[in-house]
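Here are my notes on the model you sent round. They are numbered so that you can reply point by point.

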Amino acid sequence: MSVTELSDDRTPGPTAAPDGGRPARRPTPLVALLTRLHFYAGILVAPFLLVAALTGLAYTITPQLDRALYGDKLTVATIGDQPTPLAAQITAARAAHPDGTLTGVLPGTGEQTTQVVFAQPDLGEKQHTVYVDPYTAEVKGQLTTWFGATPATTWLDDLHRNLHLGDLGRHYSEIAASWLWVLVVGGIVLWWRRRASNRSRVRHLLVPDLSAGRGVRRTRGWHATTGVWLAVGLLFLSATGLTWSRYAGDNFSAALGALNASRPPLSTVLDGAPPATGGGEHQHGGPATGADADPATYDRVLAVARDAGLAGPVEITPAEEPGSAWTVAQTDDTWPVGRDRVAVDPAAGTITARSDFADWPLLAQLSNLGIQAHMGLLFGPVNQILLAALALGLLCVIVWGYRMWWQRRPTRVDRRLPVGIPPVRGGVRGLPWWALLLGVPVTVAVGGALPWFGVTLLGFLLVDVILGVVARRRRDAVPVSPAATGG
């Protein structure tokens, strides 16, 4: 089998059906281009998607894993009538953890223990969290956490985001998210076109054609119909995954800022006090300066926030610098989410600023809700089950895709290959001028917004051009027999 046959540079034309039966309908240039792009992206990007699906599937069980591994620290055995003052709980936590700076307190509610968070320079972004029984002020234990996540959840989160390779590993997940939506949309278009050619079988868009015999037709049916069922969920995972990816995520944040659609800041500047040099809003686990505040202040600040309507689980963050307000923020990630925040003057016992989730710009609300749903938190166990189903379905689609590639391999003695032949080339040359005039700028714009999509697409095109050049040179180098010339 020659390279020419692997990468034919002829324009698309009528071909025999690869799985038997009547000849396949001649593809339009756009369909030919989309088919070849779907093929190359499916073969080359699928390994990234496979890893993302496996690691994402593992992450879906983190709530149950945390409860199994750290249940004695995260929950209490007996729920009391009234919690003890936060001052007593903080004092107990400080006695158990004399080092570090106290940067936040998450009062326990129901069966949840109180979390007292300490930052230490040697931990970087991580913290030490001491867990205290809110009803007895007994210290239940401590863990090294990352923005509230337990060690097990942090490990699985890093595995899914970057394979424990740091910023270098984040490229894999961004490539997967950048191409997932392209594969989904392209696959739906191709499957619709194939089904629409036979009106009586349009129903097989959503139901695999079980009447098809064994081979590529049956595998394609399962591959395509499963992809159609998963389409909305996969598009959601692609969009939300891109929002906090390395490069596309930065572009998304910049776009939100340009549209004034970011989460509104909460001012912690008190009247008559000089502005804080840290930017006015202290984040969980960030650096704090100075000695710990009086533990009794936490009770006063919490009481003011409760009177202001901040119910449910909250996080209390002390002032980062003298002359700044404290912040109290709701931390309920389940629907309906609680994300309201207030700034409190602890001396006066008054609210100095407020930011309610209902007042956030719509894009900021959707981004926050999307991230919580992507992490499996928004709808509790139902959310986890849906994510696990998406991951398992995506794994099946990938396996069926590679199986089709193998099933389409030439098996004749003189044309034997280990895998199938790529779709024919020439789709770009057959496109009308107006399609190129519209498509090229759009593709460039998308590639700019999603850099890893643009880079890998350019790589695909470069490889395809090289294959085409090599194919033509090998074809031209084949000697012509005298019989063929009539000699």
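How many residues lie between S7 and S8 in their hairpin, and which residue in the turn has a positive phi?

1. The hairpin. Four residues lie between S7 and S8, and Gly349 in the turn has the positive phi, about 70°. Please keep in mind that this is a predicted model. S7 covers residues 341-345 and S8 covers residues 350-355. The two strands are antiparallel and pair over five bridges. To find the register, start at Arg341, which stands opposite Ser355 in S8.

2. The strands before the hairpin. S7 also pairs with S6, again in the antiparallel sense, over four bridges. Here Val328 stands opposite Val342 in S7. S6 in turn pairs with S5 (residues 314-317), antiparallel, through four bridges. In that pair, Glu315 faces Ala329 in S6. So S6 has S5 as one partner and S7 as another, with strand pairing here taken as at least two bridges. S6 is mostly covered, with four of its five residues buried.

3. A cis peptide bond. Look at the step from Trp335 to Pro336. The peptide bond there is cis, with omega near -5°. Pro336 sits in the loop between S6 (326-330) and S7. That loop therefore links two strands that pair with each other, given that they share four bridges and that at least two are needed.

4. The whole chain. The protein has 14 helices and eight strands. It counts 487 residues, and 44% of them are buried. Take the contacts between residues at least 6 apart in sequence: 61% of these join residues at least 24 apart.

5. Helix H7 against helix H11. How do the two helices meet? The axes of H7 (residues 216-243) and H11 (residues 381-407) come within 8 Å and cross at roughly 145°. The crossing is left-handed. From H7, the residues in the contact include Trp222, His223, Leu230, Leu234 and Leu237. From H11, they include Leu390, Leu394, Val397, Trp400 and Met404. Glycines take part too, among them Gly227 and Gly233 in H7 and Gly393 and Gly401 in H11. By class, the contact residues divide into 12 nonpolar, eight polar and two charged. The two arginines in the contact are Arg220 in H7 and Arg403 in H11.

6. Gly241. This glycine is also in H7. Is Gly241 buried or exposed? Gly241 is buried, because its relative accessibility is 16% and the cut-off for buried is under 20%. Leaving out residues up to four places away in sequence, Gly241 touches Ala177 and His374. Glu174 is 67 residues away in sequence, yet the C-alpha to C-alpha distance from Gly241 is 7.6 Å.

7. Gln120. This residue is in the loop between S2 (114-119) and S3 (127-132). Although it lies in a loop, Gln120 is buried, with a relative accessible area of 16%. What does its side chain meet? A polar contact of 3.3 Å joins the side chains of Gln120 and His97. Beyond its neighbours within four places in sequence, Gln120 is in contact with His97, Asp99, Gly100 and His128.

8. Two residues with positive phi. Leu163 has a positive phi of about 55° although it is not a glycine. The same description fits Asn260: a positive phi of about 55°, and not a glycine. Leu163 is in the loop between H5 (151-162) and H6 (170-196). Asn260 is in the loop between H8 (247-258) and H9 (295-307). Their surroundings can be read from accessibility. Leu163 is partly exposed, because its relative accessible area is 30%. Asn260 counts as exposed, because its relative accessibility is 67% and the cut-off for exposed is over 50%.

9. Ala88. This alanine lies in H4 (residues 86-96). Ala88 is partly exposed, with a relative accessible area of 36%. Ala88 and Ala296 are 208 residues apart in sequence, but 8.4 Å apart in space, C-alpha to C-alpha.

How values were computed. Residues are numbered from 1 along each chain as its sequence is written. This is a predicted model: local features need pLDDT of at least 70, side-chain atom pairs count only at pLDDT 80 or more; totals for chains, interfaces and linings use all residues. Side-chain values use heavy atoms; hydrogens and water are left out. Buried means under 20% relative accessible area, exposed over 50%, partly exposed in between (1.4 Å probe, protein chains only). A polar contact is a pair of N or O atoms within 3.5 Å; within protein, one must be able to donate a hydrogen and the other to accept it, and residues adjacent in sequence count only if both atoms are side-chain atoms. Contact means heavy atoms within 4.5 Å. Axes are lines fitted to C-alpha atoms, for helices over the stretch in contact, and angles run from 0 to 180 degrees between N-to-C directions. A crossing is left-handed if the near helix is turned anticlockwise from the far one by less than a right angle, and right-handed if clockwise. Ala, Val, Leu, Ile, Met, Phe, Trp, Tyr, Cys and Pro count as nonpolar, Asp, Glu, Lys and Arg as charged, and the others, Gly among them, as polar.
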